[in-house]
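Please look over the sequence and structure below before turning to the briefing, which moves from the whole chain to its sheet and its cores.

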Amino acid sequence: MSRIRRVLVVGIDGVRLDTLRRVPTPHLDAVADAGFLTPVAVAETTPTMSGPCWATILTGVDVTKHGVWSNDFSGHRLGVFPDFATRLARQDGRRTYVAAAWEPLVTVADGGPMLRRPTRLTHHAPAADTPAAWEEADAAIVRDAVAVLTHEDPEASFVYLGAPDETAHHLGCGDAYETSVETADRRLGDLLTALRSRPSYATEAWTVLVVTDHGHRDEGGHGGGSPDERTAWLACAGPDITAGARPARPVRHEDVAAQVYAALDRTPDSHWTLDGARIPTVPRAVLLDMDGTLVDTEPLWLEATRSVAAAHGHTLTEAEGASVLGRSCADTAAWLDGHCPDTGADVLEAELEETFLAAVEADAPLRPGARALLDRLEHDGPPAALVSASPRRVVDAVLRTLGGEAFRTTVADGESDRSKPHPDPYLMAAARLGLPPEACLVVEDSPTGIAAAEAAGCRVLAVPSSAPIEPAPGRRVRFDLTSLLHEWAQRESV
């Protein structure tokens, strides 16, 4: 059964990127290690103030559309361009949750609220405009958020922490500010623990985004155009992102809301006119299936199996043919042995290999986009491995057509303890590349291969050849290999 998609966005106000590199933030680091952490440049047209930046983050449109130009929200257009929690609740009927201490985010103060109609709301205003009072307010926010995230069922949540920003305003970006950033990270850890403590966590697929709105000058304060003020950042991890991936293009604040929709598998309506888009990422490695993925050999394999079965008195049905796609010669021979009991699995395996090899040597056409993808991997990376359920003789025959230059290593049938649909071949390929499987993107065409990749813990790009494949958390479906190249080739204009 497919896991249920959920999203948590944690906004930590006013955290400089260089501060993250100095102070220990183990919980933010864990999110970054499971996905990515990347700088975000505040757009030149956007004032480096919390109101405009958070409005852009939460709505997915730029300042000229949402109309929040300062920390007084008067004159905004948030009714036309609502935040993601409101849009999901009102238009889709989804359960959304918001927790924040800064009043304009959730009350009518100063022209608010920015987050207009979430399903569930937590608000604890600070007792005074002091760093200590803001720390107390953030602590109360997180206590409530932990209870909601643990025991209730919000589909998309936003939790805001404001103490680091207020500390910098009052005391500058020195020791107290760094301590506040460390405290915010511990609170992030409490929120992540709450997710893992959910009774239904094992059946859920959580995407977590942690984002800041702007930086600060050394003495504290922002609103100008210096690099320290205009540099923000985003960390993101989830079932559709490989560990240690890098964004394929520069990330913008507008992309955060779009990433929330993508994580929930919600295609934005064109009438929303979002300026942001899902963030495409480049994995640390790509593990490619061969038959049906790079070369159009699935029909050859099916015909070889049908021919061998017929030679021993069994007519392969359509359903039986679908079940052997992506399987090794040995597995298929063992299955055929039950229908051709007088032959023996060893004989059937040898005949399958010889018949399939002869067909591959005669004609193994490339799948659409395969040549361009292999050229890209060879010249620009990321590192790649070929992982096949075919025997080594067949793999080598195909490599003579493909060229093996794009692959750091290849794994053929019989070279791991078990073949697909077991995870062993993909685990072996990842180990040979020196990477954990969750850092690898597998490109597969068959349910058998996808089962192997997902059992190994890899993310999957499915390019179906014969059998239909449904998308799921951690598994995207595309019609050909060129989609991957298009994602990797995106530029700042996207």
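Of the 494 residues in the protein chain, 58% are buried (under 20% relative accessible area, with a 1.4 Å probe and protein chains only). The model is a predicted one, in which local features need pLDDT of at least 70 and side-chain atom pairs count only at pLDDT 80 or more, while totals for chains, interfaces and linings use all residues. Residues are numbered from 1 along each chain as its sequence is written, and side-chain values use heavy atoms, with hydrogens and water left out.

**Sheet**
- Seven strands (DSSP runs of E, at least two residues, numbered from the N terminus) form an open sheet of mixed pairing in the order 2-7-6-1-5-3-4, where pairing requires at least two DSSP bridges between two strands.
- Strand 2 (36-41) and strand 4 (120-123) each have a single partner strand and stand at the edges, so one side of each is left without a neighbour in the sheet.
- Strand 3 (residues 96-100) runs parallel to strand 4, to which four bridges join it, and Ala-100 stands opposite His-123 in strand 4.

**Nonpolar cores**
- The largest nonpolar core (buried Ala, Val, Leu, Ile, Met, Phe, Trp, Tyr and Cys residues joined through side-chain atoms within 4.5 Å) has 83 residues, of which Trp-54, Phe-84, Phe-158, Val-210 and Leu-234 touch the most other members.
- Leaving aside neighbours within four places in sequence, Phe-158 is in contact (heavy atoms within 4.5 Å) with residues including Trp-54, Leu-58, Phe-84 and Tyr-97.
- A second, separate core of 44 residues includes Val-295, Leu-325, Ala-364 and Leu-402.

Conventions. Buried < 20%, exposed > 50% of the residue type's maximum accessible area, 1.4 Å probe, protein only.
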